[in-house]
Amino acid sequence: MLIKEQSSILNSEITDKAIFLNRRKIIKAAAGISLASLLPGSAHAQTKKYAQVPTGPYSANLPVTSSEDAKNYTNYYEFSTHKKDSTILARPLQTSPWAIKVEGEAENTGNFNLEDILKNNPLEERIYRFRCVEAWSMVVPWIGFPLAAMLQQFKPTSKAKFVEFTTLYNPEVMVGQKSQSLDWPYVEGLRIDEAMHPLAFMAAGMYDEELPKQNGAPLRLVVPWKYGFKSIKAIVKIRFSETMPATAWNKMAAGEYGFYANVNPNVPHPRWSQSRERILGASIFTPKRKTELFNGYGEQVASLYTGMDLKKYF
Ligand SMILES: Nc1nc2c(c(=O)[nH]1)N[C@H]1C(S)=C(S)[C@@H](COP(=O)(O)O)O[C@H]1N2
Ligand SMILES: [Mo]
């Protein structure tokens with residue numbers, strides 16, 4: 001009984017925090033406008049680059065993770081397998097200019113400057129839950145645009161059944177690529193209907209600022225209903241294909257990292273039960289959170305997997 005009461009108190013507190021956050025965003029944006037119009041040019045640098053970006057749909061009803069935690073606890077094997085190291089190791093990475101090569105089953109293929117892609121896709125903020133397969137989770141206010149909007153600009157043909165994404169390969173800078181931790185370059189993929197789902201997102205920023213290098217600058221994928229390893233960083237290539245792409249973690253250990261990788265508390269990973277998650281930044285006294293099927297986005301995405309055995313297609 002006591003436990004039940006406690007969890008209902010927690011829920012109301014969580015909702016209040018979410019409302020508080022949205023209010024704060026509006027107040028902050030209003031403050032940004034009035035300050036910018038009153039102060040001389042030098043003061044503009046004080047305003048965060050993406051402070052005015054409007055908040056889009058699907059905001060998570062959970063407290064947002066502190067930006068310091070999200071920036072300094074990263075998985076980026078191109079630099080290091082240690083979560084705190086990439087913050088410094090990624091600094092030499094040149095993220096501008098940046099081009100993305102589009103290949104395969106599409107009419108509009110070739111090289112695209114990131115600048116042009118950003119011009120063609122209005123930015124919005126998406127406050128999403130994020131769940132790593134290692135059983136920790138966070139809530140991140142991403143800045144970016146729907147993946148579908150960009151993919152449609154490349155005019156995929158009817159043969160495009162999958163989309164493959166590739167990270168930069170440059171072992172001189174990405175020093176982790178000198179080790180064989182993964183088969184480089186990092187590759188991820190989605191079925192075309194997953195890629196076109198309105199929740200699938202391309203992030204160029206977070207916490208109102210440009211994406212930090214260690215979080216995948218200048219452009220990364222965010223697929224909030226799937227384990228974090230699907231959300232590939234520093235994308236240089238997009239390929240539309242008729243067949244399922246071979247993805248980096250799946251090639252490494254197919255029995256551990258499936259192509260679908262939908263968050264699912266009922267399908268344990270060999271080394272991690274997936275039933276609960278540690279909330280990044282929470283005190284050691286905070287109980288672990290119950291993991292939700294599709295990371296809480298079931299209402300939006302479950303229909304993509306109708307008739308599929310999620311234990312088989314994990
Ligand atoms: N290119 C690349 N993308 C990657 C990874 C990586 O090592 N290399 N790690 C993945 C994993 S396992 C997770 S959990 C998320 C972590 O994102 P974050 O470091 O911004 O929290 O990035 C994913 N994208
Ligand atoms: Mo992860």
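## Basis of the description

Strands (E, at least two residues) and helices (H or I, at least four residues) are taken as DSSP runs and numbered from the N terminus. The model described here is predicted.

## Ligand 1 and its surroundings

Ligand 1 is surrounded by 17 residues. Tyr-77, Glu-78, Asn-215, Arg-220 and Lys-233 are the closest of these. Sorted by class, the shell consists of eight nonpolar, six polar and three charged residues.

Polar contacts involve both nitrogen and oxygen atoms of the ligand. In the side chain of Thr-167, a polar atom lies 2.9 Å from a nitrogen atom of ligand 1. A polar backbone atom of Ser-231 is 2.9 Å from a nitrogen atom of the ligand. Lys-233, one of the closest residues, has a side-chain N or O atom 2.7 Å from an oxygen atom of ligand 1. On its own, ligand 1 has 530 Å² of accessible area, and the protein covers 98% of this.

## The pocket that holds the ligand

Which pocket does ligand 1 sit in? The ligand occupies the second largest pocket, whose volume is about 440 Å³. The lining of this pocket comprises 29 residues. Nearest the centre of the pocket are Asn-75, Tyr-76, Tyr-186, Gly-228 and Phe-229.

By class, the lining residues are 17 nonpolar, six polar and six charged. Two elements that each supply at least two lining residues are β4 (136-146) and α7 (248-252). The largest contribution comes from β4, which gives three residues to the lining.

## Cis peptide bonds

Where in the chain are cis peptide bonds found? One is the bond from Trp-184 to Pro-185, with omega near -5 degrees. Pro-185 belongs to the loop that joins β5 (162-167) and β6 (187-191). Tyr-186, among the residues nearest the centre of the second largest pocket, follows Pro-185 in the numbering.

Another cis bond runs from Ala-217 to Pro-218, and its omega is near 0 degrees. Pro-218 is placed in the loop between β8 (209-210) and β9 (220-222). Arg-220, one of the residues closest to ligand 1, falls within the range of β9 (220-222).

## A positive phi angle

Lys-155 is not a glycine, yet its phi is positive, at about 50 degrees. This residue lies in the loop between α5 (147-153) and β5. At the other side of β5 (162-167) is the loop to β6 that contains Pro-185.

Methods
Chains lettered and ligands numbered in written order. Predicted model: local features only at pLDDT ≥ 70, side-chain atom pairs only at ≥ 80, totals over all residues. Heavy atoms only, no water. Near = heavy atom within 4 Å. Polar contact = N/O pair within 3.5 Å; in protein donor to acceptor, adjacent residues only side chain to side chain. Areas by Shrake-Rupley, 256 points an atom, 1.4 Å probe, with all protein chains shown as cover. 1 Å grid on protein atoms, 1.4 Å probe; cavity = no way out; pocket = protein on both sides within 12 Å on 5 of 7 lines; lining within 4 Å. Sits in = over half its atoms within 2 Å of the grid points. Nonpolar A, V, L, I, M, F, W, Y, C, P; charged D, E, K, R; others polar. Points joined across faces, edges and corners; volume = space filled by probe spheres on them.
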